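Got your viewer open? Load the model and keep the selection panel handy.

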Amino acid sequence: MLIFTKIGELKGFLDRIKSEGKTIGFVPTMGALHSGHISLIEISKKGTELTVCSIFVNPTQFNDKNDLARYPRTPEKDIKMLEIAGCDVLFMPSVDEMYPQPDLRKFDFGYLDKILDGSHRPGHFNGVAQIVSKFFDIVQPHKAFFGSKDYQQVAIVKELVKQMNSPIEIIACPISRESDGLAMSSRNTLLSSEERKAASIIPELLNKIIPMKEDKCEVHEIREYIINRLKEKDIYKLDYFVICDAKTLKEVSKFSEATQYVALIACFVGKIRLIDNISF
Ligand code: AMP
């Protein structure tokens, strides 16, 4: 695996690859890699001829300084995992390399960046759009792979490439889970053992939604059930739970036939904020 830290050197290498007519897949990450990230590398390797992964903890997408400071960083382990996975190129730039001057760009994704994580983490998606657009400019991949765990992020990135008139194909990949169903996340390593056990309630509750809907429960009954279950213990603090139209991300209050839904949750377990979702 080739490792680049400088934009110019990566671009020079990728220009040569592109002149050979090879297709490039791109997997942006913030490191502290787990099998969920590696699943994206594997999907990219199947669908393209050269896979570029980036590891960059992007400061502009953190609205909470403490969250940025404690974000896990495990570069040596990450490099080993990527080598074993057969990743071709790793780009690990410094903050100065990516932001030689403050990025003052303001993106507007209309409704999409005002809801859910957009309203609970002000500025978060603007930071995501800043860094993803910079990476897309540098790498100019044919395809870019994102995890559906960050469902709203995928919707925002799809909107971003439309706004950029970019031909990059955005591929949404399935959520990788631990054996108890908890969605894999770099943040899981920050949970104490008690919090880690308690966190399994998140997939447990999401998995109740489909049977409840089949039992003809209404949207508000599902919401009440989930909110009340989380109120039972002080360790949980719910940020949001909503059921949305899977295509538009508009919240629904009633189910109808032939609509695809997604239920999205963001919940603190102790001090750690976890997100998850289920499509149905
Ligand atoms: P992050 O390092 O958390 O920014 O994640 C980098 C990419 O990996 C994003 O596209 C995430 O959606 C994706 N990802 C994170 N966790 C998972 C998971 N459990 N399953 C699949 N993809 C994931």
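The tour below goes from the ligand to a cavity and then to the cysteines.

Before you click anything, keep in mind that this is a predicted model.

**Stop 1: the ligand.** Select the ligand and show its surroundings: 16 residues surround it, and the closest are Met30, Gly147, Asp150, Ser176 and Met184. Now look at the polar contacts. Start at aspartate 150, where an N or O atom of the side chain sits 2.6 Å from an oxygen atom of the ligand. Next, pick serine 176 and turn on its backbone: a polar atom there is 2.8 Å from a ligand nitrogen. Do likewise for methionine 184, whose backbone also puts a polar atom 2.8 Å from a nitrogen atom of the ligand.

**Stop 2: the cavity.** How many cavities of 30 Å³ or more does a search of the whole structure find? Just one, with a volume of about 50 Å³. To see its lining, select Leu182, Ala183, Ser185, Asn188, Ile202, Leu274, Ile275 and Asp276. Colour them by class and you get five nonpolar, two polar and one charged. Then highlight strand β9, residues 272-279, which supplies the largest share of that lining with three residues.

**Stop 3: the cysteines.** Don't hunt for disulfides, as the structure holds zero. Cysteine 267 is in none, with the nearest cysteine sulfur, in cysteine 244, 17 Å away. Select cysteine 217 and draw a distance to its closest cysteine sulfur, again in cysteine 244: the gap is 19 Å, so a bond is out of reach. Finish on cysteine 267, which is buried at a relative accessible area of 0%.

Definitions and conventions: Residues are numbered from 1 along each chain as its sequence is written. This is a predicted model: local features need pLDDT of at least 70, side-chain atom pairs count only at pLDDT 80 or more; totals for chains, interfaces and linings use all residues. Side-chain values use heavy atoms; hydrogens and water are left out. On a 1 Å grid over the protein atoms alone, a cavity is a set of points where a 1.4 Å probe fits but cannot get out, and a pocket is an open set with protein on both sides within 12 Å along at least five of seven lines; lining residues have an atom within 4 Å of a point. Grid points are joined across faces, edges and corners, and a volume is the space filled by probe spheres set on the points. Helices (H or I, at least four residues) and strands (E, at least two) are DSSP runs, numbered from the N terminus. Ala, Val, Leu, Ile, Met, Phe, Trp, Tyr, Cys and Pro count as nonpolar, Asp, Glu, Lys and Arg as charged, and the others, Gly among them, as polar. A disulfide is a pair of cysteine sulfur atoms within 2.5 Å. Buried means under 20% relative accessible area, exposed over 50%, partly exposed in between (1.4 Å probe, protein chains only). A residue is near a molecule or strand if one of its heavy atoms lies within 4 Å of it. A polar contact is a pair of N or O atoms within 3.5 Å; within protein, one must be able to donate a hydrogen and the other to accept it, and residues adjacent in sequence count only if both atoms are side-chain atoms.
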